[in-house]
Amino acid sequence: MHKAPYLGRIRLYWCENCNVPLITEYCNLCKKKGIKVNISPPGDPRPAFNYDYILLRKLLGEIVSWDIIEILLRDIILLNPVSYIDKMDEIIFQGKVIGNLRFNPEKSDFEIVLNQNGSIVLFSLAAFLSQNFLESLSHIYHFIIVSKEAGEKISEGYNVLAPGIIKYSEFNHGDPVFIFANNSLVGIGTARMSSKNLRKVSRGVVVKNRAKGLKLSFDLARQIGNEIIKKIERKNFRETISEEKEGGLYLKEFDPRNLLPPNLQEKFSLVLLANLHGLKSKEKEAMDFINRISRKNLPVTVSFSGGKDSIVTFELVRRALRKDFLVFFVNTGIEYPETVDYTFKVLQKFEGKKPLRRKRINDVIVHLGEKTAIIEVPSQRFWIGFNTIGPPGMDWRWCCKSNKLAPTRQLLDILGIAKTLCFVGIRKYESLRRAEEGRITKNPWTGQLNAHPIYNWNALDTWLYIFWRRLPANPLYGKGLSRIGCWPCPSSNLADFRILKNIHPNLYEKLRESISSIARSQGFSQEDINKILQFGVWRWRKIPRKFLEIRGIKRPLQKILKIHNLDKEYIALDLPKMPRDDWEKFKCFLTSLLKQIEKQNSN
């Protein structure tokens with residue numbers, strides 16, 4: 001696992017009095033100072049939504065009783081993405097990180113890794129529900145009880161060894177195991193063998209302990225459990241924020257509250273009220289930036305992708321500017337169906353009752369209005385490239401040029417706009433690449449001057465603003481995706497493809513078969529193909545070491561397209577060998593790319 005880069009100051013606080021997360025140090029409700037929540041870089045937390053609560057309920061159900069889970073999931077939970085071989089989020093509950101929720105490529109499934117805080121929370125709730133220590137164990141499915149002497153060492157951070165074990169439940173290799181001694185919790189760790197094999201050994205590590213300095217008695221655990229429940233049951237405030245619906249972008253179908261479990265929708269109003277001052281401050285700063293940069297004598301556009309950051313940017317520009325501006329969406333042909341439906345409805349709401357005009361130009365379809373524009377790229381443009389020069393990769397994203405940037409330039413040409421000031425929903429906490437872009441950049445492919453009003457916002461800022469202004473939210477966020485993009489995008493995590501398989505099995509099978517077909521044509525065995533798909537190594541031209549260290553896996557041989565700009569008169573290409581029919585299709589694919597290369601050189 002590599003260390004995440006520092007992308008900006010980490011800002012997350014928690015009001016212990018009101019039991020809500022804060023984006024500034026002080027709570028707007030009780031006026032008290034919140035505690036700083038120690039989360040890992042890059043520090044981009046977000047609320048847990050419907051899918052996350054369902055997943056947590058399922059995974060926790062393998063560790064503790066349903067009584068504990070029902071208490072725990074009645075509260076607001078945040079998820080903070082951290083560095084890992086695939087998707088992994090820190091789980092934040094009542095101001096503390098209690099463990100990690102991650103997708104394990106080896107298992108091809110999600111799992112929870114509890115930390116010391118997590119073990120304290122779960123044991124405390126078990127103790128609260130019980131009259132004595134032995135009864136509390138009925139709520140915990142995997143445990144080991146060791147002697148008092150062994151417990152002293154384990155409390156200092158040592159692992160659980162076979163000698164000294166007095167009693168244990170059933171558990172499998174890899175299960176989380178609670179460690180007790182003298183009616184106290186002294187550790188939490190991962191089983192290094194199954195309980196069945198434990199009967200056959202007299203030495204060796206049984207559980208790898210992740211706790212240190214832990215010694216929580218049953219009586220103290222009951223008190224902590226009582227405090228946890230008091231915070232959960234603290235009286236909520238009803239929504240008192242004025243809500244803009246009519247005349248704004250609000251759409252009942254895409255109400256952001258739909259992303260939350262019903263029992264938490266009212267509680268989330270408390271979160272908004274506690275952060276109201278911070279939200280107003282962020283809105284004002286972003287709108288001041290928009291007005292300041294808009295003084296340039298350029299037509300103004302907003303790039304709308306259907307994601308959370310672009311809807312916030314759209315709203316900020318709508319509120320800030322008195323002059324007209326154009327909102328446009330590039331349907332790459334490989335967008336999620338939900339994104340296309342959502343985006344068309346949002347833009348139609350902004351446009352008004354007048355329907356968009358539809359016209360075909362070459363291989364694209366354009367929808368034009370007075371304030372909005374949509375260009376639809378045929379999906380074949382992507383699949384021709386996929387089958388002729390190979391899958392795109394994180395380190396070779398040709399698809400962004402062919403299916404997004406080139407169509408953007410094409411749309412601007414259709415509209416007769418040479419250069420624009422384009423507001424884009426880019427945030428520095430998303431990635432190192434975006435952090436390096438800065439707040440104002442020039443896009444050499446489209447000729448636009450890009451400005452990023454929410455560049456300094458984190459994901460929690462963005463989501464609280466969406467809930468505050470009741471902006472329409474893409475329903476995919478409630479289905480498990482934390483990032484909205486093209487469904488075959490190589491920048492997706494394996495967890496994202498797992499979700500794709502669940503909600504659109506036909507699209508998942510198309511991608512899987514396309515990758516398998518290329519691999520079979522190059523002589524890969526079925527076993528190798530299964531590894532390529534399981535670990536997603538097709539997503540790079542050069543496979544990262546973190547995947548190569550897992551096991552010896554290879555990527556399907558990439559057909560390389562090399563572009564040499566020899567002089568101002570012509571461009572030379574090194575092309576892979578291909579049949580004549582494929583070549584005719586490939587020429588169409590290259591057209592849009594070469595036009596943009598020519599434009600880039602002229603700039």
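**Group meeting: aromatic rings, cavities and cysteines**

Let's start with the rings: Phe254, Phe304, Phe314, Phe325, Tyr342 and Phe350 come together as one aromatic cluster. Before I go on, keep in mind that this is a predicted model. One member of that cluster, Phe350, also has a charge on it: the charged end of Lys371 sits over its ring, 4.4 Å from the centre. There's another case of this at Trp468, where the charged end of Arg469 sits over the ring at 3.8 Å from the centre.

So how many aromatic pairs turn up in a search of the whole structure? The count is 24. I picked two to show you. In the first, Phe123 and Phe133 meet edge-to-face, with 6.5 Å centre to centre and 75° between the planes. The two residues are ten apart in the chain, and the pair links distant parts of it: Phe123 belongs to helix 3, residues 116-128, and Phe133 to helix 4, residues 133-136. Buried or exposed, you may ask, for Phe123? Phe123 is buried, at 0% relative accessibility, and Phe133 is buried too, with a relative accessible area of 7%.

The other pair is Phe497 with Trp538, and this one counts as tilted because the planes are at 55°, with the ring centres 5.7 Å apart. Here the partners are 41 residues apart, again linking distant parts of the chain: Phe497 is in helix 16 (residues 494-503), while Trp538 sits in the loop between helix 18 (526-535) and helix 19 (545-548). Both Phe497 and Trp538 are buried.

Okay, on to empty space. The structure has five cavities of 30 Å³ or more, and I'll talk about two of them. The largest cavity holds about 70 Å³ of space. Which residues line the largest cavity? Go to Arg46, Tyr51, Asp52, Leu55, Lys87, Asp89, Leu101, Arg102, Phe103, Phe110 and Gly480 on your screens. Helix 1 (50-60) and strand 7 (96-104) each bring at least two residues to that lining. By class it's a mix: five nonpolar, one polar and five charged.

Now the second largest cavity, at about 50 Å³. Its lining is made of Leu56, Leu60, Leu72, Leu73, Ile77, Ile91, Ile98, Ile112 and Leu114. What does the class breakdown look like for the second largest cavity? Nine nonpolar residues, no polar and no charged. Helix 1 appears here as well: helix 1 and strand 8 (109-114) each supply at least two residues of the lining of the second largest cavity.

Last topic, the cysteines. How many disulfides does the structure hold? Zero. A disulfide, remember, is a covalent bond between the sulfur atoms of two cysteines. Take Cys399 and ask why there's no bond there. The closest cysteine sulfur, in Cys400, is 4.6 Å from the sulfur of Cys399, so they are too far from each other for a bond; the cut-off for a disulfide is within 2.5 Å. As for accessibility, Cys399 is buried, with a relative accessible area of 11%. Cys422 also counts as buried, at 0% relative accessibility.

To recap: the search finds 24 aromatic pairs, there are five cavities of 30 Å³ or more, and the disulfide count is zero. That's what I have, thanks.

Definitions and conventions
Residues numbered from 1 in each chain as written. Predicted model: local features only at pLDDT ≥ 70, side-chain atom pairs only at ≥ 80, totals over all residues. Heavy atoms only, no water. Buried < 20%, exposed > 50% of the residue type's maximum accessible area, 1.4 Å probe, protein only. 1 Å grid on protein atoms, 1.4 Å probe; cavity = no way out; pocket = protein on both sides within 12 Å on 5 of 7 lines; lining within 4 Å. Points joined across faces, edges and corners; volume = space filled by probe spheres on them. Helix = DSSP H or I, 4+ residues; strand = E, 2+ residues; numbered from the N terminus. Nonpolar A, V, L, I, M, F, W, Y, C, P; charged D, E, K, R; others polar. Phe/Tyr/Trp six-rings, centres within 6.5 Å; stacked < 30°, edge-to-face > 60°. Lys NZ or Arg CZ within 6 Å of the ring centre and 35° of its normal.
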